[in-house]
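Here is my note on the structure, as numbered points. Please read it next to the coordinates.

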Amino acid sequence: MTVQGFITMLPKKQKDIMTMMRLWILDLGPHVTEELINNIPSFQLNGALCYISHDEDSVSLCFNRGFELPKEYKFLESKGRKQVMSATFYGLTELDEYEDEVKELLNEAAALNGFLAKKKK
């Protein structure tokens, strides 16, 4: 199953939020890849970039290297994790309110992955 196919099977609220998040992630460029890992949409760009998880009433955009991001974002939470940080949204209106910040965060995460990939070479 594809990421898009998985998202289309979700309830409307989660489907709408995930669809918007997915579009923003894919807008980072043609080298972004996506795959479904354990029914979780996951995205790679110079390594693991982020994934999208959901529950009954929310959708979370989770950044694999969240603690390494150079800037702090007030809506990111660790939830007790040591590496991953996430932003949880309860509706499309709330996600729309944070559009600029989320897009900035996606770009920061992509830049961090690019920097770390070059550093390994």
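1. Which residue in E4 is the bridge partner of tyrosine 51? The partner is cysteine 62. This is a predicted model, and the points below should be read with that in mind. The pairing belongs to the antiparallel contact between strand E3 (residues 48-54) and E4, which runs over 5 bridges. Serine 53 stands opposite serine 60 of E4. Between E3 and E4 there are 4 residues, and the two strands form a hairpin.

2. On its other pairing, E4 meets strand E5 (residues 85-89), again in the antiparallel sense and over 5 bridges. Here leucine 61 has alanine 87 of E5 as its bridge partner.

3. The burial of E4 deserves a point of its own. Strand E4 covers residues 59-63, and 5 of its 5 residues are buried. In a regular strand, side chains alternate between the two faces of the sheet. In E4, Val59, Leu61 and Phe63 point one way, while Ser60 and Cys62 point the other way. Both sets are buried.

4. E3 also pairs with strand E2 (residues 40-44), in the antiparallel sense over 3 bridges. Glutamine 44 has alanine 48 of E3 as its bridge partner. E2 and E3 form a hairpin with 3 residues between them. In that turn, asparagine 46 has a positive phi of about 55°.

5. Next, the salt bridges. The count comes to 5. One of them joins arginine 22 and glutamate 34, with the closest N and O atoms 2.7 Å apart. Arginine 22 lies in helix H2 (residues 12-26) and glutamate 34 in strand E1 (residues 33-37), so this salt bridge ties together parts that are 12 residues apart in sequence. Is each partner buried or partly exposed? Arginine 22 has 13% relative accessibility and therefore counts as buried. Glutamate 34 is partly exposed, at 28% relative accessibility.

6. Lysine 103 and glutamate 99 form another salt bridge, at 2.7 Å from N to O. How many residues apart are they in helix H4? They are 4 residues apart in this helix (residues 99-120), which means a separation of about one helical turn. Lysine 103 is partly exposed at 30% relative accessibility, and glutamate 99 is partly exposed at 27%.

7. Glutamate 68 and arginine 65 form a salt bridge as well, and their closest N and O atoms are 3.2 Å apart. Glutamate 68 has 33% relative accessibility and counts as partly exposed. Arginine 65 is also partly exposed, with a relative accessible area of 28%.

8. Valine 3 is placed in helix H1 (residues 3-8). Its relative accessible area is 3%, so valine 3 is buried. Which residues does valine 3 contact, leaving aside neighbours within four places in sequence? They are Arg22, Glu34, Glu35, Leu36, Pro41 and Phe43. Arg22 and Glu34 in this list are the partners of the salt bridge in point 5. The C-alpha atoms of valine 3 and asparagine 39 are 8.5 Å apart, with their positions 36 residues apart along the chain counted as the separation.

9. The last topic is the aromatic rings. There are 4 aromatic pairs in the structure. In the pair of tyrosine 73 and phenylalanine 75, the ring centres lie 5.9 Å apart and the planes are at 55°, so the pair is tilted. Tyrosine 73 is buried at 9% relative accessibility, and phenylalanine 75 is buried with a relative accessible area of 12%.

10. Phenylalanine 75 also pairs with phenylalanine 89, and this pair is tilted too, at 6.3 Å centre to centre with 50° between the planes. Where do the two residues of this pair lie? Phenylalanine 75 is in the loop between E4 and E5, whereas phenylalanine 89 is in strand E5, 14 residues apart, and the pair links distant parts of the chain. Both phenylalanine 75 and phenylalanine 89 are buried. Ring pairs join Tyr73, Phe75, Phe89 and Tyr98 into a cluster.

Terms used
Residues numbered from 1 in each chain as written. Predicted model: local features only at pLDDT ≥ 70, side-chain atom pairs only at ≥ 80, totals over all residues. Heavy atoms only, no water. Salt bridge = Lys/Arg side-chain N within 4 Å of Asp/Glu carboxyl O. Buried < 20%, exposed > 50% of the residue type's maximum accessible area, 1.4 Å probe, protein only. Pairing = 2+ DSSP bridges. Contact = heavy atoms within 4.5 Å. Phe/Tyr/Trp six-rings, centres within 6.5 Å; stacked < 30°, edge-to-face > 60°.
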